Amino acid sequence: MAAEEVVAGTTATFRRVYETLKAELLRDSAFDFNEDAVRWLDAQMLDYNVLGGKLNRGLAVIESYKLLKAGSEPSEDEVFLACILGWGIEWLQAYFLVLDDVMDNSQTRRGKPCWYRLPKVGLIAINDGLILRSQISRIFKRYFYGKTYYVDLLDLFNEVEFKTTSGELLDQIITNEGKKDLSKYTTDNYRRIVEYKTAYYSFYLPVACALLLSGWNLDDYVQTTHILVEMGVYFQIQDDYLDCFGDPEVMGKIGTDIEDYKCSWLFVQALSRVNEKQKGILFENYGKSDPASVEKVKALYKELNLEMAFSQYERETYEKLTSDIEAQPNEAVQAVLNSFLHKIYRRRK
């Protein structure tokens, strides 16, 4: 079977599990949902927010679990449980995004108006976000209660949620301060935001779920965690680079980090390289939406050779990650890590 067919089959299986989980949540005996509440959740809120993304994080649980099986084909029941864990991450992602959009006053998400922007929704979206988070616990209780790793699984999601929301706090505070004083956008602050806001739930969490499902102890894979977090940082730096220098036709969107005052890797790198004249140009034009200001910032990035700086960073990071992966004693874990690295290395969208 071709690799494309395998991926398509896995995605189809994954999507079918979503329908099962949704149907069970709507029949949850812990709350007597009336018809209006069921209609809100079923026909509107869940599909609008949980679906619509690329599902990469959820699918990564299944792929990682299969690699950890090291050649032994998992049973249907095992794949089903891996799918549930994957959807747990997608539910968590939906929860983060619904609330993040409200905080950022965002307009669109995944090519559609943000959930809170719909006239019928508004700030009900805050409660919807909390419902999405609470549903993860309901799902896990149904399928994992009594498993040896049940407590570890809940602790894992709680810990990753804590790290991610703390990263969001840093991002909100530093961005607000940056709008008044761009010197707040330091390398240390950037690294801290990216590590906690993105890396843990996007890279570490899928693998950690697969490790728990395989019956492995997360405490034995501390170095694996470090590698995955570094991949997450690398991934975000790629995003920042592509926002400015990527091809909009390939990416499917036009970057707006400059206009949005983002604490971006490019800005942080520029700030560490500029002379006083260049710093004046950067501070005068960053965060403005008019095309002339945006072009001045991009021109300065090119003048500072940030494209070359990124290429050097990417090459050195790839070499370091490859070396660290090869040092892992477990070949199945190596396979999982290499799978992640090969997906993101030199990506262009």
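Start by selecting D152: it is partly exposed, with a relative accessible area of 42%. You'll find D152 in helix 6, which covers residues 150-178. Keep in mind as you go that this is a predicted model. Now add D155, D219 and D220 to your selection, and you have a negative surface patch made by these three together with D152.

Next, go for the opposite charge. Select K54, K253, K262 and K349, which form a positive surface patch. Zoom in on K262, in the loop between helix 9 (248-251) and helix 10 (265-271). K262 counts as partly exposed because its relative accessibility is 36%.

While you're in that loop, click on Y261, which also sits between helix 9 and helix 10. What is the phi of Y261? It is positive, about 60°, even though Y261 is not a glycine. That's worth a pause, since most residues other than glycine have a negative phi.

There's another case to look at: R346, a residue other than glycine with a positive phi near 55°. To find R346, go to the segment after helix 14 (331-344). Its relative accessibility is 52%, so R346 counts as exposed.

Now step back into helix 14 and pick S339. Is S339 buried or exposed? With a relative accessible area of 14%, S339 is buried. Show its surroundings and you'll see that S339 touches E63 and L67, leaving aside residues up to four places away in sequence.

From there, hop over to Y65 in helix 3 (residues 56-68). Y65 counts as buried, because its relative accessibility is just 3% and the cut-off for buried is under 20%. Which residues does Y65 touch, not counting those up to four places away in sequence? Light up P74, E78, A82, A210, L213 and S214. For a sense of scale, draw a distance from the C-alpha of Y65 to the C-alpha of V250: the two are 185 residues apart along the chain and separated by 31 Å.

Time for something nonpolar. Select L123, I126 and L130, which make a nonpolar surface patch of about 290 Å². L123 is in the loop between strand 2 (112-113) and helix 5 (124-144). At 60% relative accessibility, L123 counts as exposed.

Last stop: salt bridges. How many does the structure hold? There are 19 salt bridges. Side chains of opposite charge can pair when their charged atoms come close.

Here are some to select:

- R39 and D36: their closest N and O atoms are 3.0 Å apart. Both lie in helix 2 (residues 35-50), three residues apart, about one turn of the helix. R39 counts as partly exposed at 43% relative accessibility, while D36 counts as exposed at 54%.
- R191 and E195: here the closest N and O atoms are 3.3 Å apart. Because they are four residues apart in helix 7 (residues 187-213), about one helical turn separates R191 and E195. R191 is partly exposed at 28% relative accessibility, whereas E195 is buried at 15%.
- K288 and E284: these side chains meet at 3.0 Å, N to O. K288 is partly exposed, with a relative accessible area of 33%, and E284 is partly exposed too, at 47%.

To finish, select E19, K22, D42 and D47 together: they are linked in a network of salt bridges.

Terms used:
Residues numbered from 1 in each chain as written. Predicted model: local features only at pLDDT ≥ 70, side-chain atom pairs only at ≥ 80, totals over all residues. Heavy atoms only, no water. Patch = residues over 30% accessible without salt bridge, like charges linked within 9 Å, V, L, I, M, F, W, Y side chains within 5 Å. Areas by Shrake-Rupley, 256 points an atom, 1.4 Å probe, with all protein chains shown as cover. Salt bridge = Lys/Arg side-chain N within 4 Å of Asp/Glu carboxyl O. Lys, Arg positive; Asp, Glu negative; His and termini not counted. Charge placed at Lys NZ, Arg CZ, Asp CG, Glu CD. Helix = DSSP H or I, 4+ residues; strand = E, 2+ residues; numbered from the N terminus. Buried < 20%, exposed > 50% of the residue type's maximum accessible area, 1.4 Å probe, protein only. Contact = heavy atoms within 4.5 Å.
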